[in-house]
Amino acid sequence: MNIGTQILILEVPMESFFGKSTIYPVLIKDEDGLTLVDTGMLGQLEPLRKAISDVGEDISRLKRIILTHQDIDHIGNVHALLDLLPNIALLAHKDDIPYMTGERPFVKLTPERINLMDAALKQQAEDMVRRLPDLRFAHILEDGEHLPYGGGIQIIHTPGHTPGHISLYVPAQKLLLAADELRVVEGELVGPAESATPDMPLALKSLDKLTVLDVDKVLCYHGGYYDQNVQARLQALSQTKE
Ligand SMILES: [Zn+2]
């Protein structure tokens, strides 16, 4: 699915410990190449590559990757992509970068959790953790920052799901790329998953930053596209905490 001419929504089948689902990374098209927002689940580069070719693009045109946060289903293929294209620039929020470079242990992907994985995934997770110190971030993002891609993107720091979680606002399209701050579950827009959100009160507080945006469509990494009365729904969600 395309939003305008520059925002392409990818549909990537994912297998994880929770079973099969679909995730929705995004490709942003500019003259100088493609920006990918999130990379999919660890060890699952091929479904990502296929989803990119399904929208008529080629993985070799990737110029940069914006990582919305440190979770394994978002950063999972970053090393595989860098192996293919060593010059890709990485961007992420300053509060999640120390986890992605191994300076701090992942908030959720703990050694205990890795030990519970099946042998193949465990090996991949251990390899990834070992390679984290090699990751170099070309651009350290901050709340409110504007990026020129896709006609203009604003970074919205939405901590809670992880400390440096970001959502991306595309004003020209009235579009919010919510990452994991919002989900679509059974056709309804809902807040972040409690089981995967260590600081739920903070994540709910982060919703306040979204209610002030002029948006009429949202893309959630889990659950996909939502365009019914978005602002009223965001308002209602942000009030549930009070
Ligand atoms: Zn996720």
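So, the lining of the largest pocket: by class, we get 11 nonpolar, 9 polar and 7 charged residues. Keep in mind that this is a predicted model.

How much space are we talking about? The largest pocket holds about 700 Å³. Its lining is made up of 27 residues, and if you want to put your cursor at the centre, the closest ones there are Met14, Phe18, Asp73, Ala196 and His222. As for secondary structure, the elements that give two or more residues to this lining are the strands β3 (12-16), β4 (19-23) and β14 (183-185), plus the helix α2 (72-75). Of the elements, β4 has the largest share, with 4 residues.

Okay, next one. The second largest pocket has a volume of about 150 Å³. I can read you the lining here: Leu42 and Gly43, then Gly76, Asn77, His79 and Ala80, and finally Gln124, Asp127, Met128 and Arg131. Which elements give two or more residues to it? Those are α3 (78-84) and α6 (119-131). The largest share comes from α6, again 4 residues.

And the class split for this second pocket? How many nonpolar, polar and charged residues does its lining have? That comes out at 3 nonpolar, 5 polar and 2 charged. The two charged ones are Asp127 and Arg131, and the nonpolar ones are Leu42, Ala80 and Met128.

So, to put the two next to each other on the slide: about 700 Å³ for the largest pocket, and about 150 Å³ for the second largest. For the largest share of the lining, look at β4 in the largest pocket and at α6 in the second largest.

Definitions and conventions. Residues numbered from 1 in each chain as written. Predicted model: local features only at pLDDT ≥ 70, side-chain atom pairs only at ≥ 80, totals over all residues. Heavy atoms only, no water. 1 Å grid on protein atoms, 1.4 Å probe; cavity = no way out; pocket = protein on both sides within 12 Å on 5 of 7 lines; lining within 4 Å. Points joined across faces, edges and corners; volume = space filled by probe spheres on them.
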